[in-house]
Amino acid sequence: MSKPLPNSFRQGPDARGRFGEFGGRFVAETLMPLILEVERAYDEAKRDAAFMAEWRRLLAHYVGRPSPLWFAERLTRHLGGAKVYFKRDELNHTGAHKINAVLGQILLAKRMGKRRIIAETGAGQHGVATATACALFDLPCTVFMGATDVERQQPNVFRMKLLGAEIRPVTSGAATLKDAMNEALRDWVANVADTYYCIGTVAGPHPYPMMVRDFQSVIGEEVRAQLEAAEGRLPDALVAAIGGGSNAMGLFFPFLDDPSVRMFGVEAAGRGVETEEHAASLSRGRPGVLHGNRTYLLQDGDGQIREAHSISAGLDYPGVGPEHAWLHELGRVEYVSATDEEALAAFQLCARLEGIIPALEPAHALAHVVRLAPTLPEDRIIVMNLCGRGDKDIFAVARHLGVEM
Amino acid sequence: MSRPDRGAPQASGERGAGPTAPAGRIAARFAALQREGRGALVTYLQAYDPDRETSLAILRGLPEAGADVIEIGVPFTDPMADGPSIQRAALRALKAGATLAGVLGMVREFRAGDAATPVVLMGYYNPIFAYGVARFCADAAAAGVDGLIVVDVPPEEADEIEPHAKAAGLDLIRLVAPTTDEARLPRVLAATSGFVYYVSITGITGTRSATREALAAAIPRIRRHTGLPLAIGFGIRTPQQAAEAARLADGAVVGTALVDTLAASLDEQGRARPDTSRQVLDQVRGLALAVRGARQAG
């Protein structure tokens with residue numbers, strides 16, 4: 001590694017919201033005062049014991065945390081190597097990890113006196129989580145979703161509507177997550193006075209990457225305690241899928257300063273990283289500026305953003321959280337990828353061996369576990385974040401498997 | 001407010017491309033208009049929309065049609081601060097093969113025939129970052145660009161661009177928004193040169209317009225903090241609105257209304273028709289007439 005390693009990987013971001021050269025606040029002037037207001041409000045809130053206690057109460061009694069840490073015994077036997085544990089964040093209320101950070105942000109929005117919530121969504125998991133929290137707190141909610149994603153995630157679209165949210169299909173660009181985020185930012189600029197933008201991942205302008213990571217770190221903190229209780233030690237490897245990277249940051253962050261813990265972020269390779277159709281921004285992108293932060297982006301030589309591709313709508317994003325970009329350059333986390341086909345195979349394997357239908361996003365993480373576990377001895381431990389359940393994906397998977405439903 | 005002296009040796013970067021430029025085209029133009037007692041008409045068009053030839057023809061016709069300052073939009077796939085009209089213009093332009101280097105080439109050709117009209121590039125950071133900031137600033141100045149508006153680089157991040165823009169003699173024009181409060185104004189204005197661009201609404205381009213009352217309150221508030229010329233943009237569509245903004249401030253920026261006229265003139269496949277540039281330039285003439293008729297109050 002050419003760059004000197006920091007004393008700690010857990011000190012970021014700096015006062016400018018930078019993780020090394022990544023992150024920052026690249027937004028139009030209209031939004032800048034608001035971004036600063038969110039930062040101030042979050043700094044106060046996280047030091048307020050009452051605020052954190054209310055968030056913890058919601059996690060325990062509304063979300064159902066802590067989520068279990070499950071020893072996937074049949075999968076472990078099948079793979080014939082390291083012990084595989086699943087962090088069962090798919091059992092959370094709303095079916096994914098997104099709700100952890102959403103509840104924190106909605107409490108913050110209320111504290112700031114905001115009366116309207118907007119969010120972007122890809123697979124619909126963050127949209128559903130936001131719509132859920134808004135129903136609970138009686139706040140009007142508008143979810144921006146690419147028209148392509150609206151089409152391929154109908155069950156979640158209907159869920160959001162049942163929860164009282166307004167869905168705005170976005171038709172610009174490729175009509176996926178990137179375009180939904182553009183449109184949410186445009187709405188925010190036009191409604192700065194009363195609106196809070198609830199971002200679903202560890203991307204966007206500072207303080208979002210830090211704030212979403214902090215809330216999602218509940219995942220890794222629980223794993224640490226649960227594995228200590230089950231095995232009396234730290235894991236040897238952590239594996240998580242990476243779209244924007246919120247479930248991965250949540251799992252990794254509490255372990256970043258434990259050098260014995262290897263970490264693998266699994267990007268979506270779509271039809272293969274050697275093709276044009278993938279979402280592997282760390283493996284195949286280069287640094288640029290989009291959606292308020294500097295990070296690795298899929299882009300052409302002229303700095304125009306390229307469309308991502310993945311079977312998983314939640315990973316279909318041409319960027320990645322800035323902290324991942326930093327950890328990638330430092331070499332602290334190893335970023336690998338899994339194709340649509342590998343994810344589909346892992347999806348089916350998990351259903352048959354463990355009786356768990358995973359979302360297509362963690363199916364990518366599982367695809368790497370399938371490669372990794374057999375290479376490690378039986379006394380090693382892998383923890384994978386099973387960050388979402390697959391109910392929303394069964395129609396898409398059926399289509400790919402040629403099954404009529 | 002000190003500004004880079006474009007007459008200084010580095011201005012020799014304006015190599016060979018036609019008549020020699022006067023020092024500081026932006027400052028010179030606003031000063032001249034002040035002597036005339038009127039505000040500037042600032043017109044925006046997206047480079048390469050719908051193709052290079054048409055957009056260059058419009059660009060070349062703008063000074064004669066009455067544009068005092070020309071803003072050229074640099075196409076980007078994800079124009080976060082722009083409304084649907086300019087988003088579509090960007091996509092047409094990218095389809096037509098627009099690149100940042102290509103946009104600089106257009107400015108160079110424009111400069112060969114016009115040494116006086118200030119040209120400002122307006123766009124987003126990523127294409128500039130991909131090009132290389134230092135090289136871009138040098139090449140832009142050499143091509144005859146006078147100023148930059150980089151929408152998604154607020155003062156907090158401006159240290160990435162400022163030294164290079166300054167070294168190349170480019171004005172860095174900043175956006176001031178209704179949300180920019182008193183505490184923040186000095187910081188935003190401190191690094192501004194050329195003119196100040198007042199974004200008159202909280203919103204994206206081409207969506208709604210500020211009320212006369214809101215503008216009448218906002219302009220003096222900003223003037224207390226700066227002696228630079230002040231142009232009002234976002235939501236100015238009609239000659240009457242342009243005249244009013246130019247009277248209240250030092251300039252009126254018209255963008256989406258012109259882009260809409262261009263878009264409406266295209267054929268079903270989005271290609272220019274023979275009178276596309278004439279339609280846009282006629283609209284500029286109408287705007288210019290109104291702005292020239294609006295004398296500024298004392």
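This passage looks at the overall build of chain B, at aromatic rings and at the surroundings of one valine in a predicted model.

Chain B offers a good starting point. Its secondary structure consists of 12 helices and nine strands. The radius of gyration of chain B is 18 Å, close to the 19 Å given by the globule rule for 298 residues, so chain B is as compact as a globular protein of that length. Along the principal axes, the C-alpha atoms of chain B fill a box of roughly 50 × 40 × 35 Å. Of the 298 residues in chain B, 61% are buried. The contacts tell a story about the chain's path: among those with a separation of 6 or more in chain B, 73% link residues 24 or more positions apart. The exposed area of chain B is about 10,900 Å², and carbon and sulfur atoms supply 54% of it.

Aromatic rings come next, with 16 aromatic pairs counted over all chains. In one of them, Phe26(A) and Tyr125(B) are stacked, with 5.7 Å from centre to centre and 20° between the planes. Phe26(A) belongs to strand 2 (residues 22–26) of chain A and Tyr125(B) to helix 5 (residues 125–131) of chain B, so this pair joins two chains. Both Phe26(A) and Tyr125(B) are buried. A tilted arrangement is found for Phe71(A) and Tyr85(A), whose rings are 5.3 Å apart centre to centre with 35° between the planes. Here Phe71(A) lies in strand 3 (residues 69–71) and Tyr85(A) in strand 4 (residues 83–87) of chain A, so the pair ties together parts that are 14 residues apart in sequence. Phe71(A) is partly exposed, because its relative accessible area is 24%, whereas Tyr85(A), at 5%, counts as buried.

Rings also gather in a group: Trp188(A), Tyr196(A), Tyr197(A) and Tyr208(A) form one aromatic cluster. Charged side chains meet a ring as well. Arg10(A) lies over the face of Phe253(A), 4.7 Å from the ring centre, and the charged end of Arg213(A) sits over the ring of Phe253(A), 3.9 Å from its centre.

Arg213(A) appears again in the surroundings of Val202(A), as one of the residues in contact with this valine. Val202(A) is placed in the loop between strand 8 (195–197) and helix 9 (208–216) of chain A. With a relative accessible area of 2%, under the 20% limit, Val202(A) is buried. Its contacts beyond four places in sequence include Pro209(A), Val212(A), Gly244(A), Met249(A), Pro322(A) and His324(A). Val202(A) and Ala248(A) are 46 residues apart in sequence, and their C-alpha atoms are 9.5 Å apart in space.

Definitions and conventions: Residues are numbered from 1 along each chain as its sequence is written. Chains are lettered from A and ligands numbered from 1 in the order in which they are written. This is a predicted model: local features need pLDDT of at least 70, side-chain atom pairs count only at pLDDT 80 or more; totals for chains, interfaces and linings use all residues. Side-chain values use heavy atoms; hydrogens and water are left out. Rings of Phe, Tyr and Trp (its six-membered ring) pair if their centres lie within 6.5 Å; planes under 30 degrees apart count as stacked, over 60 as edge-to-face and the rest as tilted. Helices (H or I, at least four residues) and strands (E, at least two) are DSSP runs, numbered from the N terminus. Buried means under 20% relative accessible area, exposed over 50%, partly exposed in between (1.4 Å probe, protein chains only). A charge sits over a ring if NZ of Lys or CZ of Arg is within 6 Å of the ring centre and within 35 degrees of the ring normal. Contact means heavy atoms within 4.5 Å. The radius of gyration is taken over C-alpha atoms; the globule rule is 2.2 Å times the number of residues to the power 0.38. Accessible areas come from the Shrake-Rupley method with a 1.4 Å probe; for residues, only the protein chains shown count as cover.
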